[in-house]
Amino acid sequence: MTVQQSDLKLDGNAIGGLLREIFTMEMTAAIGTCAHCGTLHAVGEVEVYMNAPGVVVRCPSCGEVQMKVVRGHGKYWLDLSGVRCLEFSAG
Amino acid sequence: MIPGASSGTGETDKPTSTPQVLRWQIGSVAELVQETPRVASLVLDVPDWPGHDAGQHVDVRLTADDGYQAERSYSIASAPEDRRLAITVERLEDGEVSPYLVGEVRAGDKVELRGPIGGYFVWKASDERPLLLVAGGSGIVPLMAMIRHRAATGSKTPTRLLYSSRSLEDVIYKAELDRLASAGDGLTVAHTLTRKQPEGWTGYSRRIDTAMLAEVAWPKGQMPIVYVCGPTPLVEGVASLLVDMGYGPASIKTERFGPTGG
């Protein structure tokens, strides 16, 4: 059986734990503004692919990459260039 | 010190009621419930569990003898009001974690976990909007936490569950759902069996479609809130059908799981 890329799509709920490691607070209810199309989405709604060497987050409206997160060797690499703004509760 | 836990600094003089840093904890398996041939619930004692909301999940981490670690997310099945934390796990044959949790784990074993995690796919009984829950397969798990939370709090929020399974044998929590739906407190449960139906089956026998949703879903004018959880194709199909029916996208919360979840 061939696995289609679309079958591997998850959503932002799946990276709640990973984002808690980095931001220390609950992030799936955070609202992100897409740097490509300007649409607002909760982090829980975004498209997430975890089958790459890291995690790739795409906008559910325009499909462009919003975020890349790689964890390994005791480090994080966090690329947020596709998110113009992240709004989240202070705790 | 828990192996693999991060070492905090200076936390001793801080209040511990709202831990900000998510720490790995050890839970011990108090009870195992075989729900279906491929699905089991692990009922866990977790010391210092901070409590959770219905719909949240935990990360579970297994460490091999050589130090290799595998992490997976599992939805919490128990209500916030329950004394113990329960997760329900489907065994995926080529998975790294689930074949251990369903088949190898025994009562008394220790499991490393962290949580609760998630603030988006969460329902609280104080929300009195009519509730529509749509589940595919083991996507029922976080929705069951909501149904159990609703029952534990005595909520009368009108609630409809549409639950798609392959066959009757694959229906998780069947007896408990039957019991809760017969209580007459506003919960109705509709099943659809997509691959195999027992003789005399009176429920639905097909994949979720517009006609089925039109029968089960609340009229959009009642301003319902919707939670959909299941495999990605089901979640996206149901969400787009509901939007076509006039439901506002903001009223539909979705959670997908896929083959990386094993």
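## Two chains, two sheets: a chat over a predicted model

The side chains of A:Lys9 and A:Glu47 meet in a salt bridge, 3.4 Å from N to O. Keep in mind that this is a predicted model.

Colleague: So how many residues apart in sequence are the parts that A:Lys9 and A:Glu47 tie together?

Modeller: A:Lys9 sits in strand E1 (residues 9–11) of chain A, and A:Glu47 sits in strand E4 (residues 47–49) of chain A. Over all chains the structure holds 22 salt bridges. The A:Lys9 and A:Glu47 pair therefore links parts whose separation in sequence is 38 residues.

Colleague: Let's go to where the chains meet. How much area do chain A and chain B bury between them?

Modeller: Start with the contacts: 22 residues of chain A touch 24 residues of chain B. Of the area buried between the two chains, 47% is on carbon and sulfur atoms. The total for chain A and chain B is about 1800 Å².

Colleague: Which three residues of chain A lose the most area to chain B?

Modeller: Together they make up 28% of what the chain A side buries. The trio is A:Leu10, A:Asn13 and A:Arg20.

Colleague: And how many salt bridges are there between chain A and chain B?

Modeller: One of them joins A:Arg71 to B:Glu71, with the closest N and O atoms 3.3 Å apart; the cut-off for such a pair is 4 Å. The interface also has 10 residue pairs in polar contact, both partners at pLDDT 80 or more. The salt bridge count for chain A and chain B is 4.

Colleague: Which element gives the most to the side of chain A that touches chain B?

Modeller: Two elements of chain A give two or more residues to that side, namely E1 and H1. The top contributor supplies 5 residues, and that is H1(A).

Colleague: On to chain B. What is the strand order in its antiparallel open sheet?

Modeller: This sheet has 6 strands. At its edges are strand E4 (69–75) and strand E5 (85–90) of chain B, each pairing on one side only. From one strand to the next the twist averages 40 degrees. Reading across, the order is E4-E3-E6-E1-E2-E5.

Colleague: Which residue in E5(B) stands opposite B:Val43?

Modeller: Strand E2 (residues 39–45) of chain B pairs with E5(B) in the antiparallel sense, over 6 bridges. Opposite B:Val43 in E5(B) stands B:Ala86.

Colleague: A helix from chain A packs on that sheet too. What angle does its direction make with that of E6(B)?

Modeller: The helix is H1 (residues 16–23) of chain A, and it touches strand E3 (57–63) and strand E6 (110–117) of chain B. Its direction and that of E6(B) make about 75 degrees.

Colleague: Where is B:Pro116, the residue after that cis peptide bond?

Modeller: The bond from B:Gly115 to B:Pro116 is cis, with omega near 0 degrees. Most peptide bonds are trans. B:Pro116 itself lies in chain B, in strand E6.

Colleague: What about the other sheet of chain B: which strands stand at its edges?

Modeller: This one is an open sheet of 5 strands with parallel pairing, in the order E9-E8-E7-E10-E11. Neighbouring strands are turned by 10 degrees against each other on average, direction ignored. Each edge strand has a single partner, so one side of it has no neighbour in the sheet. The edge strands are E9 (187–193) and E11 (252–257) of chain B.

Colleague: How many bridges join E7 and E8 of chain B?

Modeller: The two run parallel, with strand E7 at residues 131–136 and strand E8 at residues 159–165. B:Ala135 stands opposite B:Tyr163 in E8(B). The number of bridges joining E7 to E8 of chain B is 6.

Colleague: Last one: how much area do domain 1 and domain 2 of chain B bury between them?

Modeller: The assignment gives domain 1 as 25–117 and domain 2 as 131–261, and their C-alpha centres lie 23 Å apart. In contact are 20 residues of domain 1 of chain B and 19 of domain 2 of chain B. The rule finds 0 salt bridges across this interface, while 4 residue pairs are in polar contact, both at pLDDT 80 or more. The area buried between domain 1 and domain 2 of chain B is about 1500 Å².

How values were computed. Residues are numbered from 1 along each chain as its sequence is written. Chains are lettered from A and ligands numbered from 1 in the order in which they are written. This is a predicted model: local features need pLDDT of at least 70, side-chain atom pairs count only at pLDDT 80 or more; totals for chains, interfaces and linings use all residues. Side-chain values use heavy atoms; hydrogens and water are left out. Two strands pair if DSSP finds at least two bridges between them. Helices (H or I, at least four residues) and strands (E, at least two) are DSSP runs, numbered from the N terminus. Axes are lines fitted to C-alpha atoms, for helices over the stretch in contact, and angles run from 0 to 180 degrees between N-to-C directions. Contact means heavy atoms within 4.5 Å. Domain bounds come from an automatic or database domain assignment. Buried area is the accessible area (1.4 Å probe) that two parts lose on being put together, summed over both. A polar contact is a pair of N or O atoms within 3.5 Å; within protein, one must be able to donate a hydrogen and the other to accept it, and residues adjacent in sequence count only if both atoms are side-chain atoms.
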